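Work through the exercises below with the sequence and the 3D view open. Try each task before reading its solution.

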Amino acid sequence: MTDQSNGARVAALVGPYSSGKTTLFEDILFSAGAIPRRGSVKDGTSLGDSGAEARARTMSTDLNIASFDYLGDAWTVIDCPGSVELIHDAQCAMMVADVVVVVCDPKPERAVTLSPVLHFLDNRNIPHMLYINKMDQEDASVRATFEALQAISSRPLLLREIPIRDADGQLTGMVDLVSERAFRWEPHKKSEMISMPKDMAALEEGARNTMLESLADFDDALMMELLEDVAPSTGDVYENLVRDLRKDLIVPVFFGSAENENGVTRLMKALRHDAPSPAETAARLGLPEAAKSAQVFNTGYAGKAGKQSHVRVWSGEIGDGDVLNGDRVANVGQPLGAKTTLVGKAGPGAVVTLGRMAEARTGDFLTEGGTTKADWPAPPTPMFALALSTDHHADEVRLSAALARLSEAHPSIRAAHDPETGELILEGQGAIQLQIALKELEADTGLSLTQDIPTVPFRGTITKSITQKARHKKQSGGHGEFADVELEIKPLPRGTGFAFDDRIVGGAVPKQYIPAVEKGIRAFLDKGPDGYPIVDVAVTLVDGSHHNVDSSDMAFQKAAAKAMGEALPKCAPIKLEPVQKVTLSAPSEFTPKVQRIATGRRGQLLGFDAKPGWPGWDEVQALIPAAEMGDIVTELRSVSLGVGTLTSEFDHLQKV
């Protein structure tokens with residue numbers, strides 16, 4: 001693969017909703033000189049979250065992407081949505097990042113909200129560091145937050161700095177544990193190097209030794225130095241830090257206050273010195289070699305500009321006129337928030353937009369040959385659904401096209417017609433994601449969309465056997481209609497379905513009409529008298545009669561349906577509801593609340609156990625009626641700090 005050691009590097013900012021990622025994003029751009037002034041998320045003046053829906057919700061609803069130069073190095077920073085419902089967008093950004101900055105607030109009880117992100121990073125071996133934000137808050141504790149985060153990280157956390165506090169406990173600066181230098185912080189000012197406070201010396205020495213011991217776990221030479229009381233050189237310590245981060249062996253931890261612009265420059269310097277190169281990232285991902293290659297990590301539609309594919313260039317130089325995966329490249333642009341500057345071409349490491357790549361999809365690895373595949377995370381399974389409808393049937397064509405674009409831009413959203421109910425179902429990760437999607441659809445189509453709870457596919461069945469006769473006779477001039485049937489109707493065990501047989505002798509019902517009898521029965525059972533199918537029924541044609549002239553397939557279909565309609569009320573019919581087998585996942589501390597959610601929805605608990613690969617999480621299994629599933633994920637997240645998830649599959653039918 002082409003040498004990429006000097007290519008542009010990419011950092012992704014991830015973390016839970018309200019952790020302050022977009023404010024940090026703004027700080028980074030302002031400190032790097034990429035924007036002339038620092039905007040505010042609260043005031044709606046930030047470069048990121050510039051869309052109407054993001055402004056209205058004061059939360060990221062899509063990726064914020066900005067490319068810029070910092071101290072002579074080319075960088076792209078991607079600010080990712082924090083809502084767990086939008087996590088797939090964040091995962092796609094993390095896949096193409098050289099390093100990920102996980103942002104959190106200093107509340108130990110909220111550390112578990114980072115579990116979905118840390119689990120993904122650890123499983124994918126993506127180098128990452130932690131930034132504990134909002135350290136200006138009262139009672140903010142680096143140590144307590146550090147310990148809570150370590151409990152959910154499978155990688156050892158490494159504290160890179162410790163806080164300096166005044167007599168009132170207010171954070172006033174920090175000590176770098178590698179350089180052993182102390183810095184004073186003031187809101188919205190550059191940090192100032194100061195002498196090490198006397199009362200910090202012993203604390204700094206202990207914290208530094210802990211850091212060195214953690215590094216020594218991955219370096220025998222450093223371990224020997226520590227055992228022999230030899231002080232390692234600052235250069236050796238930095239070398240260990242960089243190597244171990246790039247191998248995803250450790251997770252460095254920084255802290256600060258993005259709102260006050262404290263700790264941001266230190267974080268940027270760590271990114272600049274420690275982050276892997278594009279070549280190292282490509283090697284880690286095992287990307288195929290190609291003279292020119294890029295990977296789509298986000299797809300969007302921008303009004304008249306049409307489809308926009310955000311890609312990271314991995315090798316060669318991608319420029320206007322190139323053909324990748326059968327599409328001609330056009331309008332290569334460099335993003336800076338909502339603004340894109342046409343640059344014509346881009347080299348290794350760069351993040352750019354490509355216009356109107358009709359066949360390109362999120363996750364596609366683009367080459368001139370167009371046949372290469374690369375690993376990519378699958379979208380999570382849907383957990384929430386809405387039934388959509390338009391005011392006019394003619395609008396459905398326009399809506400269908402818009403839904404196709406929506407699903408392409410957001411692979412974790414699905415849209416399809418339910419063949420049983422006929423409803424158009426929009427599925428996704430939760431109510432927030434689908435409400436954002438509806439706003440997009442209405443803006444895209446100009447249609448007024450009606451949303452409702454999807455219809456539950458109830459069933460009916462019988463509990464009593466009966467024999468029923470019915471005759472269909474019609475005479476209206478010319479050939480008439482005549483069919484006579486006698487049906488034996490019996491219930492079947494639950495889940496058996498439908499069975500048909502005949503015991504006709506002597507040609508009472510000619511053989512050519514027997515399939516019509518079955519067809520008439522099936523047609524009746526498929527709709528049922530109350531609008532839902534009748535299941536688990538055995539019907540046997542035992543007798544009947546015909547007319548040589550007036551009998552026909554249609555006549556026997558009608559006679560069979562009539563017999564079923566007259567028989568059903570006598571068969572002790574009952575209504576059945578579908579029951580789902582559900583697995584509810586949440587941090588262990590919330591397991592009792594999760595169990596109560598299941599039982600409060602007429603659920604039957606099957607048990608719970610530790611969630612494999614998720615430290616501190618449990619899975620609760622239950623059988624829950626489908627009619628109770630509508631907003632269960634919303635309630636689940638309300639009791640689990642917003643991170644609970646579920647999977648569901650049909651299990652059986654039960655009497656209502």
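**Exercise 1: The largest cavity**

I28, F68, Y70, W75, V77, M268 and L271 line the largest cavity (on a 1 Å grid over the protein atoms alone, a set of points where a 1.4 Å probe fits but cannot get out; lining residues have an atom within 4 Å of a point). The model is predicted: local features need pLDDT of at least 70, side-chain atom pairs count only at pLDDT 80 or more, and totals for chains, interfaces and linings use all residues. Residues are numbered from 1 along each chain as its sequence is written, and side-chain values use heavy atoms, with hydrogens and water left out.

Task: state which elements each supply at least two residues of this lining, and give its make-up by class.

Solution.
- Step 1. Rolling a probe the size of a water molecule over the atoms shows where empty space is left.
- Step 2. Place the lining on the fold. Strand 2 (64-70), strand 3 (73-79) and helix 9 (264-274) each supply at least two residues (helices, H or I, of at least four residues and strands, E, of at least two are DSSP runs, numbered from the N terminus).
- Step 3. Sort by class. The lining has seven nonpolar, no polar and no charged residues (Ala, Val, Leu, Ile, Met, Phe, Trp, Tyr, Cys and Pro count as nonpolar, Asp, Glu, Lys and Arg as charged, and the others, Gly among them, as polar).
- Step 4. Add the volume. The largest cavity holds about 60 Å³ (the space filled by probe spheres set on the grid points, which are joined across faces, edges and corners). The count is four cavities of 30 Å³ or more.

**Exercise 2: Two pockets**

Task: for the largest and the second largest pocket, find which element gives the most to the lining.

Solution.
- Step 1. Take the largest pocket, about 1200 Å³ (a pocket is an open set of points with protein on both sides within 12 Å along at least five of seven lines). Of its 40 lining residues, D62, G300, Y301, A302 and E440 are the closest to its centre.
- Step 2. List its elements. Those giving two or more residues include helix 2 (52-57), strand 12 (293-301), strand 13 (307-315) and helix 11 (396-409). Helix 12 gives the most, six residues.
- Step 3. Sort by class. This lining has 16 nonpolar, 16 polar and eight charged residues.
- Step 4. Turn to the second largest pocket, at about 950 Å³. Of its 31 lining residues, A385, E427, P454, Q580 and A626 lie closest to its centre.
- Step 5. Find its main contributor. Strand 34 has the largest share, five residues. By class, this lining has 18 nonpolar, eight polar and five charged residues.

**Exercise 3: Aromatic pairs**

Task: say why the pair Y513 and F556 is classed as it is, and which parts the pair ties together.

Solution.
- Step 1. Count. There are three aromatic pairs (rings of Phe, Tyr and Trp, its six-membered ring, with centres within 6.5 Å; planes under 30 degrees apart are stacked, over 60 edge-to-face, the rest tilted).
- Step 2. Classify. The ring centres of Y513 and F556 are 5.0 Å apart and the planes stand at 20 degrees, so the pair is stacked.
- Step 3. Locate. Y513 is in the loop between strand 29 (498-502) and helix 13 (514-527), and F556 is in helix 14 (residues 553-567), so the pair ties together parts 43 residues apart in sequence.
- Step 4. Check burial. Both Y513 and F556 are buried (under 20% relative accessible area; exposed is over 50%, partly exposed in between; 1.4 Å probe, protein chains only).
- Step 5. Contrast W614 and W617. Their ring centres are 4.8 Å apart with planes at 55 degrees, so this pair is tilted. W614 is buried at 16% relative accessibility, and W617 is buried at 2%.

**Exercise 4: R459**

Task: is R459 buried or exposed, and what does its side chain make a polar contact with?

Solution.
- Step 1. Locate. R459 sits in strand 26 (residues 459-461).
- Step 2. Read the accessibility. At 18%, R459 counts as buried.
- Step 3. Find the partner. The R459 side chain makes a polar contact with the side chain of E420 at 2.4 Å (a pair of N or O atoms within 3.5 Å; within protein, one must be able to donate a hydrogen and the other to accept it, and residues adjacent in sequence count only if both atoms are side-chain atoms).
- Step 4. Widen the search. Leaving aside neighbours within four places in sequence, the contacts of R459 (heavy atoms within 4.5 Å) include Y532, P533, I574 and L653.
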